[in-house]
Amino acid sequence: MKLNLESLDNKLAWETYRMPQYDIAKMRERTKAAPTWLHFGAGNVFRAFPAVLAQRMLTAGLTDTGVICCEPYDEELIDRCYKAYDNLSVAVTLYADGRLKKEVVGSVAEALGLSADYDRVAEIFAAPSLQMVSFTITEKAYPLRDNDKNLYPDVTADMKNGPAHTTSLIGRILSLCLHRLHTCGKPIALVSMDNCQNNSMRLRWSMMEIAYAWKSAGLIEDADLAYLSEQVTFPITMIDKITPHPDAAIAKQLMADGLEGMMPFETEKGTFAAPYVNTEQPQYLLIEDNFPVGHPPLEQLGIIFTRSDIVLKTAMMKACTCLNPNDTTLAVYGCLLGYKKISDEMQDKDLVNLITRMSEIEAMPMVSDPGVLDPHEYLHEALAVRYPNPFMPDTPQRIATDTSQKLATRFGVTLEGYYDSTLPKYRVSKLKYLPLALAGWLRYLLGVDDNGEPFELSPDPNLDMLCGHLKGITLGTAKISDDQLYPILSSKPIFGVNLYEVGVAEKITEYFCELIAGPGAVRQTLHKYCGEDA
C-alpha cells in the first residue's frame, strides 16, 4: 500500500495504525483560507512533535485548522517527504519494552519551500487569522556572524539592500513581519522550538540587529521599527523530545506492513530523512505565555504555558544538569569506545557511573529548580528510561555534531556556579567527573579511537580551528604544553568561562594526558575514576 490520501480509505490495511480522525480535505481548505499556525523547519523534530500536537487538537475538535510547514534550508525535503506522500507522514514511537506505536499524521495542511513558495508564505503572513509562527531550524540558523564575529555575506547584503531584497533567513523573516504590518497590521508571535538557551530571544536579537541597520540607513520607517519592537513577540520555550535520524530497521517493519517506499535517504545537503520519523515517548514543551493574538489550544494537550522565568529555569535544568551534559559526555566517549548506539553505552558501567555521578553529585547542587518539573525525577527518567531504551536508534556520532557550540551551556553554567559559590563544599577544585567529560571531548578531537584507529569527527564549524591547536598531539605524546591547550581551554565563546580563571583547566589537562597515554588509555582512565571501586 502507498502512503497517500487515496489509500487511507482502505481501513483494513491500516488497522495497526492510529489514523487521523477528521476530514483532511476540509481541514486543508479551512487552513488555506484562514491559517493560524505556520512552522519553519520541515525536518524530523517537526513531524514527530509539533505536527502530532496539531493532529491531537484536530482529533479532539479543539481546532479545525492544521499546521502549515515551510522549509527554509533543504527544500528537497518538501518534494521527497511531503509532496510525494500527499503531505502525510508516519510517526513511530519507540517504547522501552519494544512496542511500536505507529500513527499516520495528516495535520500538515500545506508544505512549502521558502524560496520556491515565497509568495504563498507572504500571503500566509498577511492573514489576520495567523496567531503563531514557530521554528525548528537548529541553533546554527540564528547567528548573523561567523566565529570571527564577521557578518555573513548574505546578512551584509540584506543590511545594505533592505526588506525588499532579502536573502538570509533572518532577513526574510524580518521582511515577512513587515509585510504583515503593511497588509493586515496585526501583531504576531514568533516562537522558537529549537533546543538552545534563550531560543526565541536569539531570533529577536538577530532580527532587531538587521532592523536597526535598516533604520539607520533610512530603509524602514519609525513605525516599522515600532511594530517589530512592540507588536512582534518572541515567547521562549523549553522543548525536549529525542528524535534520531530515521532508522532503516523501522523502515523494514513498515514495509513488512505493506507500505511502499519507506527507506531513509540523504539529501544533497546532507539531511537524513524518510517518509516516517522514529522518536521516543517522553516529551516536554513549556512556552512563555506571550501571544498578542492568541495561540492554538496546546494547553489542552498538557503543553505548559507559563512565565518566562519558569521556562528559563526549566531549560537551564535540562540543558545544564539533567540531560544535555550527559548527552555530550556519552557522545564523545561513545565515539572513542566504538559505540554505535546510546542505549548500548548504558550497559557500560564506567560510562553510566560517569554521567550519573557527574549529574547527581556535581551538577545537581547547582540546578535551577523550576517548580513545574522535579529535577530529580527528570534526571531519573533520562538515566533509567530514556537513555537505556534499546529501541531508540540514537547514535553518539549524531549527538557529537556541533559540540563546540553547546559546551558553554552544558558545562559552563555549572562551572560558573561553583566558581561563584561561597560554600567550601562547592569548590571547583573538588570537581572530578565534569572535568573528565571535558577532557574526553579534547581526546575525541584527535579523531583516533581507544584502539588507535582513526574515525570521522562529526560536523562542527570550529573543527579546523580546534584540530589546528591540537596538531602534533598523538597517542603516546609524553608532554603537552600549556601553550598548546591554552587557546582552547581559555575560550569563553566555547566554554562560557575561561577554564584557567575558574580553576579547572589544569585538571582537564591532567586527565587529557592520561587519556592519550596510548591505546586502551581511555578505558583505563574511565575505570580508574569511574569504576565501581573508584
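**Aromatic pairs, cores and helix packing**

At 6% relative accessibility, Tyr17 counts as buried (under 20% relative accessible area, with over 50% exposed, partly exposed in between, 1.4 Å probe, protein chains only). Trp14, at 1% relative accessibility, is likewise counted as buried. The model is predicted, so local features need pLDDT of at least 70 and side-chain atom pairs count only at pLDDT 80 or more, whereas totals for chains, interfaces and linings use all residues. Residues are numbered from 1 along each chain as its sequence is written, and side-chain values use heavy atoms, without hydrogens and water.

Trp14 and Tyr17 also form an aromatic pair. A search of the whole structure finds 10 such pairs (Phe, Tyr or six-membered Trp rings with centres within 6.5 Å; planes under 30 degrees apart are stacked, over 60 edge-to-face, the rest tilted). The ring centres of Trp14 and Tyr17 lie 5.2 Å apart and their planes meet at 80°, so this pair is edge-to-face. A further edge-to-face pair joins Phe291 and Phe305, because their ring centres are 5.8 Å apart and their planes stand at 65°. Phe291 belongs to the loop between strand 13 (284–288) and strand 14 (304–306), while Phe305 lies in strand 14 itself (strands, E, at least two residues, and helices, H or I, at least four, are DSSP runs numbered from the N terminus). The pair therefore ties together parts that are 14 residues apart in sequence. Both Phe291 and Phe305 are buried. Elsewhere, one aromatic cluster is formed by Phe40, Phe125 and Phe135.

The nonpolar interior comes next. The largest nonpolar core (buried Ala, Val, Leu, Ile, Met, Phe, Trp, Tyr and Cys joined through side-chain atoms within 4.5 Å) has 77 residues. Within this core, Tyr333, Trp441 and Leu499 touch the most other members. Helix 18 (residues 433–444) supplies the largest share of the core, nine residues. Which residues does Trp441 touch, not counting residues up to four places away in sequence? Trp441 touches Val332, Thr403, Ser404, Leu407, Leu466, Ile488, Ile494 and Phe495 (contact means heavy atoms within 4.5 Å). A second core of 65 residues is separate, and Leu94, Leu176, Ile188 and Met262 are among its members.

Leu407 and Phe495 reappear around Gly412, a residue of helix 17 (residues 407–420). With a relative accessible area of 3%, Gly412 is buried. Leaving aside its neighbours within four places in sequence, Gly412 is in contact with Leu407, Phe495 and Val497. Its C-alpha atom is separated by 8.8 Å from that of Leu499, although the two residues are 87 residues apart along the chain.

Two helix pairs illustrate contrasting geometry. Helix 7 (residues 169–183) packs against helix 9 (residues 222–230) at about 110°, with the axes 10 Å apart (lines fitted to C-alpha atoms over the stretch in contact, with angles from 0 to 180 degrees between N-to-C directions). Helix 7 is therefore roughly perpendicular to helix 9 (65 to 115 degrees; under 35 is roughly parallel, over 145 roughly antiparallel, the rest oblique). Leu174, Cys177, Leu178, Arg180, Leu181 and His182 of helix 7 meet Ala223, Asp224, Tyr227 and Leu228 of helix 9.

Helix 11 (residues 308–322) and helix 12 (residues 324–336) pack at about 30°, and their axes are 4 Å apart. These two helices are therefore roughly parallel to each other. Their contact involves Lys318, Ala319, Cys320, Thr321 and Cys322 of helix 11, together with Asn324, Pro325 and Asn326 of helix 12.
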